[in-house]
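Grab a pencil and open your favourite viewer. Here are a few exercises to work through, each with a solution to check yourself against.

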Amino acid sequence: MAVYTNLGAEALSELTSHYDVGRLVSAKGIAEGVSNSNWLIETDGGEKRARRQFILTMYERRIDIAELPYFLDLLDHLAAAGSPVPRTIHDRTGATHRAIDGKAVALIEFLPGISPDKPTKEQLFAVGEALAGIHLAAQSFPGHRENRLGPSEWVETLARCGEDRLAEINPDLPRTLDVARQVKEEWPTDLPRSVIHSDLFPDNVLMVGDRVSGLIDFYFACNDMMAYDLAVIHAAWCFDESGNVFNKELGRALVAGYDSRRALSDEERRALPLLAKGACLRFVASRAFDWFDTGAEAMVTRKDPMQFARRLDFYEKADNSLFTPPAA
Ligand SMILES: Nc1ncnc2c1ncn2[C@@H]1O[C@H](COP(=O)(O)OP(=O)(O)O)[C@@H](O)[C@H]1O
Ligand SMILES: N[C@@H](CCOP(=O)(O)O)C(=O)O
C-alpha cells in the first residue's frame, strides 16, 4: 500500500485550485509504491473541457525536501529533451512543489502504460534504448547530487546489520559483507558519467506493448557512472524472481538496445561484471537494512535480500563475454 496520509476532498480541491488544470473530478489512492503516497487525480481540464489525469505525490519519507528541485527539475529537463518522463506541473506561481500540513506535494503528468511482469527481449531492447536516451539528455542537466548508496554505504550498511543478524535472514548472507569490501576496493572512478536513475526496476518503467511510455520514480537519481545504471537494470530485469535463473537473451537485448543509442566504450563493457556485482550489493544492503527496520505491523511487504545475493553469486562467476554482443 502506498497512501500513508488521508487527504480529504476539500484539501485536494484546494490544492488543485493552485494549478491551471481545471476542477478536480476524482482522486484515487494508488496501491503500488512504497516510499510516498500517490493519488491518480482527474480534472475537468478547465476551459479546454478535456478531462486530464495527473499523479499527485506526497513525499512521506526518505526524500530530503531540499533535494526535490533536483528530482523535479530533472523530470522537466528530460521531458523537454523528448525522453518518456513525466513533466512536473507547475502551480500558478511557477513552483514545482507545494506543502500540505507541512508535507511536500507535487503534481506530475500521468503517463500511460503498464509495468511488464514477464518482460520480453523486445521490451528489454526498448528499455536499454530509453536508458541511453536519458543518459544523453541528462548530460546538459545543471543539477548535481552525489550517489548516497555507493560502495562505502553498502559496506557500512551491511556492517551495521551485523553478521549475526544477516545470518538470521539467511546463512549465505554474511559473506556479502566481504564481497562488498572487495568490490569497494576495485570500484572504478573514471568511467563516463551523467545523471543516472539508479533504481530502474520493472515497476519504474511503464510500457505500451514493446514501447517505453514512461520512466518514473527518479527519487534515487544522482550523478554517477552511466554503465552502473545499465548494470542495475541487468541485475533487476534479467533473472527470475528468486535470482536463481539468468536469462541470457534478455541480457543481450538490453545491452544491444543501450548500445544502439549510446555505444559503450571498451572500458565500460569490461567493467560491467564488477558494476553488476555492485548493483546487487546495493540492493542486498538496502533490503537487509529495511528487513530489520520494517516492523511486523507495517503494511509494506519486505523485499528479500537473498534475491540479489543469488544474482551476486552469478556475477562473481561471470566474465565480460556476458556483456559482449554475439558475433554477427
Ligand atoms: N507519472 C506517472 N504516470 C502513471 N503512473 C504513475 C506515475 N507515477 C507513478 N505512477 C504510479 O504510481 C505507482 C507508485 O509510484 P512510485 O513513484 O513508484 O512510488 P514509490 O516511490 O512509493 O515507489 C507506480 O507504480 C505507478 O503505478
Ligand atoms: N527497487 C528497490 C526498492 C526501491 O524502493 P522504492 O520504494 O523507491 O520502489 C528494491 O527492489 O529493493
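The exercises below look at the ligands and their surroundings in what is a predicted model.

**Exercise 1.** Work out which residues come closest to ligand 1 and what kinds of residue make up its shell.

*Solution.*
Step 1: Start with the neighbours, taking a heavy atom within 4 Å as the cut-off. Ligand 1 has 16 residues around it, and V34, S35, N36, E109 and L111 are the closest.
Step 2: Sort the shell by type. You should get eight nonpolar residues, five polar ones and three charged ones.

**Exercise 2.** Find polar contacts to oxygen atoms of ligand 1, then say how much of the ligand's area the protein buries.

*Solution.*
Step 1: Look at the backbone. N36 puts a backbone N or O atom 3.1 Å from an oxygen atom of ligand 1.
Step 2: Move on to side chains. D217 has a polar side-chain atom 3.1 Å from an oxygen atom of ligand 1, and for N204 the distance from a polar side-chain atom to a ligand oxygen is 3.5 Å.
Step 3: Turn to area. On its own, ligand 1 would expose 560 Å², and the protein buries 87% of that.

**Exercise 3.** Do the same job for ligand 2: list its neighbours, sort them, and pick out polar contacts.

*Solution.*
Step 1: The list runs V34, S35, R62, D199, F201, D217, F220, F283, R287 and K303.
Step 2: By type, that shell splits into five charged residues, four nonpolar and one polar.
Step 3: Check the nitrogen side. A polar side-chain atom of D199 sits 2.6 Å from a nitrogen atom of ligand 2.
Step 4: Now the oxygens. The side chain of R287 brings an N or O atom to 2.7 Å from an oxygen atom of ligand 2, while for D217 the corresponding distance is 3.4 Å.
Step 5: Taken alone, ligand 2 exposes 350 Å², of which the protein buries 93%.

**Exercise 4.** Which domains supply the two shells, and why does ligand 2 lie between domains?

*Solution.*
Step 1: For ligand 1, domain 1 (9–109) and domain 2 (121–323) each contribute at least three residues to the shell.
Step 2: For ligand 2, domain 1 (9–109) and domain 2 (121–323) both provide shell residues, so the ligand lies between them.

**Exercise 5.** Find out what UniProt annotates at residues 27–264 and describe that stretch of chain.

*Solution.*
Step 1: The unreviewed UniProt entry places "domain: Aminoglycoside phosphotransferase" there, at residues 27–264.
Step 2: Over residues 27–264, helix accounts for 36% and strand for 19% of the chain.
Step 3: Go end to end: the C-alpha atoms at the ends of this stretch are 43 Å apart.

Terms used:
Residues are numbered from 1 along each chain as its sequence is written. Chains are lettered from A and ligands numbered from 1 in the order in which they are written. This is a predicted model: local features need pLDDT of at least 70, side-chain atom pairs count only at pLDDT 80 or more; totals for chains, interfaces and linings use all residues. Side-chain values use heavy atoms; hydrogens and water are left out. A polar contact is a pair of N or O atoms within 3.5 Å; within protein, one must be able to donate a hydrogen and the other to accept it, and residues adjacent in sequence count only if both atoms are side-chain atoms. Accessible areas come from the Shrake-Rupley method with a 1.4 Å probe; for residues, only the protein chains shown count as cover. Ala, Val, Leu, Ile, Met, Phe, Trp, Tyr, Cys and Pro count as nonpolar, Asp, Glu, Lys and Arg as charged, and the others, Gly among them, as polar. Domain bounds come from an automatic or database domain assignment. UniProt positions are given in the numbering used here, feature names are shortened, and annotations may be inferred rather than shown by experiment. Helices (H or I, at least four residues) and strands (E, at least two) are DSSP runs, numbered from the N terminus.
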